[in-house]
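Good morning, everyone, and thank you for letting me take a few minutes of the meeting. Please have the sequence and the model open while I talk, and follow along residue by residue as I name them.

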Amino acid sequence: MEKKEIITLLNEDFVRELEASMIYTQNSFLMDECDPSRVTEAIAVDEMRHMWWLADLITKRGGKPTMEHRELDFGEENLQSQLKRQIKLESDGIEIYTHQIEIIDDEEVVGVLKHILDEEKRHRKEFRERLDGIQG
Ligand SMILES: [Fe+2]
Ligand SMILES: [Fe+2]
């Protein structure tokens, strides 16, 4: 795979991480319940850390991280919808990272993506536990 293609994929990841970090930050402000709010806030910080890791890979390969995110979809303003939206974002990320790990032939990139993938799986588990908690 050409360096340019890898940069394009990494930038798509970077934008998804940017969007997730902003959506989680906003949701954490709006959640009344303390525990899901704290968890969402902490995970927003993880997503920003993923941005740093991806930006490092992008710039090292001569690319520039793009901040051009899509229109943000925060979902409905209730805890159940917010958690479902967050679980969906994690699932999308898990699917995309899993695929990229299979097709990218750059050892350093694959190593970082595997680490991010593990964290996204943990995030989804954390959100699912909170969703199960309110659904009884
Ligand atoms: Fe992430
Ligand atoms: Fe995540």
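Let me begin with a single residue, Ile6, which is found in helix α1. Before I go further, please keep in mind that what we are looking at is a predicted model. Is Ile6 buried or exposed? With a relative accessible area of 3%, Ile6 is buried, because anything under 20% falls into that class.

Which residues does Ile6 touch, if we leave aside its neighbours within four places in sequence? Ile6 is in contact with Met1, Arg61, Ile104, Asp105, Asp106 and Val109. One of these, Asp106, is worth pausing on: Ile6 and Asp106 are 100 residues apart along the chain, and yet their C-alpha atoms are separated by 8.5 Å.

That leads to the way helix α1 meets helix α4. The axes of α1 and α4 come within 13 Å of each other and cross at roughly 25°. Angles under 35 degrees count as roughly parallel, and α1 and α4 are therefore roughly parallel to each other. Their crossing is left-handed. On the α1 side the contact is made by Ile6, Leu10, Asp13, Glu17 and Tyr24, and on the α4 side by Val109, Leu113, Ile116, Glu120 and Phe127. Sorted by class, the contact of α1 with α4 has seven nonpolar residues, three charged residues and no polar ones.

Now let us compare this with the neighbour that follows α1 in the numbering. Helix α1, which covers residues 3-30, and helix α2 have axes that come within 8 Å and cross at roughly 160°. Since angles over 145 degrees count as roughly antiparallel, α1 and α2 are therefore roughly antiparallel to each other. The crossing of α1 and α2 is left-handed, and the residues of this contact divide into 14 nonpolar, eight polar and four charged.

How do α2 and α4 pack, and what is the angle between them? They pack at an angle of about 170°, with their axes 11 Å apart, and that makes α2 roughly antiparallel to α4. This crossing, too, is left-handed. In the contact of α2 with α4, the classes come to eleven nonpolar, four polar and eleven charged residues.

With those helices in mind, we can turn to the metal ions. What are the protein donors of the iron ion called ligand 1? They are Glu17, which appears twice through its OE atoms, together with Glu47 (OE), Glu120 (OE) and His50 (ND1), and these donors lie 2.0 to 2.4 Å from the ion. Along the sequence, the donor residues of ligand 1 are spaced E-x29-E-x2-H-x69-E. Glu47 lies in helix α2 (residues 34-60) and Glu120 in helix α4 (residues 107-135), so this pair ties together parts that are 73 residues apart in sequence.

The iron ion called ligand 2 has as its protein donors Glu47 (OE), Glu90, again listed twice through OE, Glu120 (OE) and His123 (ND1), at 2.0 to 2.3 Å. Here the spacing of the donor residues in sequence is E-x42-E-x29-E-x2-H. How far apart are the two iron ions? The distance between ligand 1 and ligand 2 is 3.8 Å, and Glu47 coordinates both.

Let us look at some of these donor residues in turn. Glu47 is buried, with a relative accessible area of 1%, and Glu120 is buried as well, with a relative accessible area of 3%. His123 is also buried. Being three residues apart in helix α4, Glu120 and His123 are separated by about one helical turn.

To finish, I would like to take you to a residue in helix α3. Lys84 lies in that helix, which covers residues 79-103. At 44% relative accessibility, Lys84 counts as partly exposed, because that value sits between the 20% and 50% cut-offs. If we do not count residues up to four places away in sequence, Lys84 touches Leu131 and Gln135. As for Leu131, it and Lys84 are 47 residues apart in sequence, while in space they are 7.5 Å apart, C-alpha to C-alpha.

That is where I will stop, and I am glad to take questions.

Note on methods. Residues are numbered from 1 along each chain as its sequence is written. Chains are lettered from A and ligands numbered from 1 in the order in which they are written. This is a predicted model: local features need pLDDT of at least 70, side-chain atom pairs count only at pLDDT 80 or more; totals for chains, interfaces and linings use all residues. Side-chain values use heavy atoms; hydrogens and water are left out. Donors are N, O and S atoms within 2.8 Å of the metal (3.2 Å for Na, K and Ca); water is not among the atoms, so sites may look incomplete. Helices (H or I, at least four residues) and strands (E, at least two) are DSSP runs, numbered from the N terminus. Buried means under 20% relative accessible area, exposed over 50%, partly exposed in between (1.4 Å probe, protein chains only). Axes are lines fitted to C-alpha atoms, for helices over the stretch in contact, and angles run from 0 to 180 degrees between N-to-C directions. Angles under 35 degrees count as roughly parallel, over 145 as roughly antiparallel, 65 to 115 as roughly perpendicular and the rest as oblique. A crossing is left-handed if the near helix is turned anticlockwise from the far one by less than a right angle, and right-handed if clockwise. Ala, Val, Leu, Ile, Met, Phe, Trp, Tyr, Cys and Pro count as nonpolar, Asp, Glu, Lys and Arg as charged, and the others, Gly among them, as polar. Contact means heavy atoms within 4.5 Å.
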